[in-house]
Amino acid sequence: MPPIRAHLIGICGTAMATLAAMLKRQGLDVRGSDQDVYPPMSDFLAAERIPTLTGYRPEHITADLDFVVVGNAISRGNPELEEVLDRKIRYCSLPEAIREHFLWGAQSIVIAGTHGKTTTTSLAGWLLTDGGLDPSVLIGGIARNFGETGSSYRLGHGRPFVIEGDEYDSAFFDKTAKFLKYLPDIAVVNNVEFDHADIYEDFDAVALAFRRLVNLVPRSGLLLIGADSPGARALQGAAVSRVETFGLGEDVDWQGHGVDVCGESTRFRVRRRGSPFGDFEVPLLGAHNVRNALAAIAVGSETGLSAERLAAGLKRFAGIKRRLEVVGTAGGVTIYDDFAHHPTAVSETLAGLRGAHPHSRIWAVFEPRSASSCRRFFQDDFARAFAGADEVLIAQVFRSKLPEAERLSVPQLVRDLNGRGQSAREAGSIDDIIGAIVREHRAGDLVVIMSNGGFGGIHRKLLQALA
């Protein structure tokens with residue numbers, strides 16, 4: 001029999017590219033298309049030997065296709081989607097494809113929350129892998145522990161499947177959250193805050209999506225709640241399953257305490273229901289990453305791993321690309337790349353770096369690019385988010401077509417930061433940002449570049465200019 005043939009519209013999204021690779025490993029004949037084919041996912045697809053077509057054309061939808069996966073960025077009017085609908089070719093969303101091909105027979109471990117999903121999924125997936133459980137793992141980023149140079153997935157032969165549960169919508173025909181398709185046996189909710197202003201009207205709408213996830217965990221399952229987040233803590237009453245809490249505060253089932261920064265790692269102790277559980281070290285910075293590690297430890301314990309085995313694995317965690325990733329050093333300046341785009345993530349990232357480098361000058365370079373960060377909703381929150389930085393450079397709002405009344409005001413943000421005693425300025429272009437740092441840098445400076453997009457390749461350009 002010929003292999004099943006699948007085509008993915010919008011294949012260069014992180015999750016779509018990962019799904020393509022997983023389907024190919026399952027023996028399917030896979031290809032896809034995207035308007036913009038760019039690294040790192042273009043490199044990833046090339047390494048996986050998956051044909052990637054540039055641009056959307058009706059002729060890409062050939063008669064031999066068995067089904068098409070429609071990415072959630074694809075809308076009516078897309079030439080390939082219109083061809084699929086006209087010819088009534090079988091189609092589905094990304095989360096539906098994952099569920100149908102991978103999750104029905106698995107122990108599904110869904111990692112959700114406004115922040116920390118990618119890190120916690122990578123940590124939990126690695127701990128189960130290192131512990132010998134041979135899990136499958138699907139991550140919305142590149143984890144360095146998987147593959148020769150890092151990977152966003154792992155296909156194992158064990159029952160556990162650790163998957164990043166995204167609250168963003170599924171497809172043009174399904175506006176519910178992706179994680180509602182993932183059949184959770186264990187669900188982690190790190191935190192719940194307002195985000196994704198393009199699809200959620202307010203915090204209550206976000207919270208409702210998470211309540212629906214909680215309602216899917218079976219009686220025999222486990223819900224792990226990040227109790228330091230009021231939004232997550234409020235979900236406990238909605239659960240039918242067992243519930244365990246984790247955090248750095250009191251009155252939690254899994255408590256991290258004695259947190260101590262050691263170089264580029266963080267050491268901490270864990271109590272389980274008030275009793276000592278173990279001493280741990282994770283090669284990540286910040287209190288938020290201790291919470292992420294606590295969630296992963298709780299998952300590992302639930303799957304039968306001992307504290308000693310978990311501690312050994314955690315110490316060998318190799319990190320994730322674009323999560324406070326060191327891009328390089330030039331002119332005595334260290335450049336970091338980080339995915340932070342929500343005020344809470346910006347604040348926690350800078351606080352973590354400041355904790356490890358209390359005497360260094362930190363530059364925060366921020367591009368308002370995501371649907372939420374481009375909007376005025378977070379105007380006041382961003383004014384408080386950069387407290388860990390000494391110098392702040394704010395790029396132009398990426399979604400410049402938003403009405404001015406809705407759009408984040410960069411001049412106002414700069415004025416607010418200056419009013420708080422911080423050195424902050426607006427940057428008209430990438431060249432302006434690079435020029436300022438090249439002129440004013442001194443040896444030992446740390447530059448954190450924060451954006452959920454490519455930011456015009458600023459990381460390499462800045463390194464070259466400093467060199």
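This is a walk through a few helices, aromatic rings, a pocket and three single residues. The model is a predicted one, so please read each detail below with that in mind.

Let us begin with helix α9, which spans residues 307-315. Its buried residues are A307, L310, A311, G313 and L314. Viewed along the axis of α9, these residues fall within an arc of 165°, so they line one face of the helix. The general geometry helps here: an α-helix has 3.6 residues a turn, so residues three or four places apart point the same way. Turn to the other side of α9 and you will find E308 and K315, both exposed. The cover over the buried residues of α9 includes helices α5 (117-130) and α8 (287-302), together with strands β16 and β17.

Those two strands also bring us to the aromatic rings. Strand β16 covers residues 265-272 and holds F268, while strand β17 covers residues 275-282 and holds F280. The two ring centres are 5.9 Å apart and the planes meet at 20°; with planes under 30 degrees apart counting as stacked, this pair is therefore stacked. F268 and F280 are 12 residues apart, and their pairing links distant parts of the chain. Both F268 and F280 are buried. The count of aromatic pairs in the model comes to 16. Elsewhere, one aromatic cluster is formed by F194, F366, F377, F378, F382 and F386. Another ring, that of F398, has R369 over its face, at 3.8 Å from the ring centre.

R369 leads us on to G454, since G454 touches both R369 and H459 when residues up to four places away in sequence are not counted. You can find G454 in the loop between β23 (446-450) and α14 (458-466). With a relative accessible area of 46%, G454 is partly exposed. P40 lies 414 residues from G454 along the chain, yet their C-alpha atoms are separated by 9.6 Å.

Now look at helix α3 (residues 79-87), where E80, L81 and V84 are buried. Down the axis of α3, these buried residues fall within an arc of 100°, so they line one face of the helix. Strands β1 (5-9), β2 (29-34), β4 (67-70) and β5 (91-93) are among the elements that cover them.

Two further residues are worth a stop. K117 belongs to helix α5. Is K117 buried or exposed? Its relative accessible area is 10%, and buried means under 20%, so K117 is buried. Neighbours within four places in sequence aside, K117 is in contact with I111, A112, E164, G165, D166, E167 and N190. A106 sits in the loop between α4 (94-103) and β6 (107-112). A106 is buried as well, with a relative accessible area of 10%. Leaving out residues up to four places away in sequence, A106 touches R159, F161 and D185. From A106 to P184 there are 78 residues in sequence, and 9.6 Å in space from C-alpha to C-alpha.

We finish with empty space. The second largest pocket has a volume of about 340 Å³. Its lining is made up of 16 residues, and F44, E48, T149, G150 and S151 lie nearest the centre of the pocket. Helix α2 (41-47) and strand β8 (151-154) are the elements that give two or more residues to this lining.

Definitions and conventions. Residues are numbered from 1 along each chain as its sequence is written. This is a predicted model: local features need pLDDT of at least 70, side-chain atom pairs count only at pLDDT 80 or more; totals for chains, interfaces and linings use all residues. Side-chain values use heavy atoms; hydrogens and water are left out. Rings of Phe, Tyr and Trp (its six-membered ring) pair if their centres lie within 6.5 Å; planes under 30 degrees apart count as stacked, over 60 as edge-to-face and the rest as tilted. Helices (H or I, at least four residues) and strands (E, at least two) are DSSP runs, numbered from the N terminus. Buried means under 20% relative accessible area, exposed over 50%, partly exposed in between (1.4 Å probe, protein chains only). A charge sits over a ring if NZ of Lys or CZ of Arg is within 6 Å of the ring centre and within 35 degrees of the ring normal. The arc is that of the directions from the helix axis to the C-beta atoms. Contact means heavy atoms within 4.5 Å. On a 1 Å grid over the protein atoms alone, a cavity is a set of points where a 1.4 Å probe fits but cannot get out, and a pocket is an open set with protein on both sides within 12 Å along at least five of seven lines; lining residues have an atom within 4 Å of a point. Grid points are joined across faces, edges and corners, and a volume is the space filled by probe spheres set on the points.
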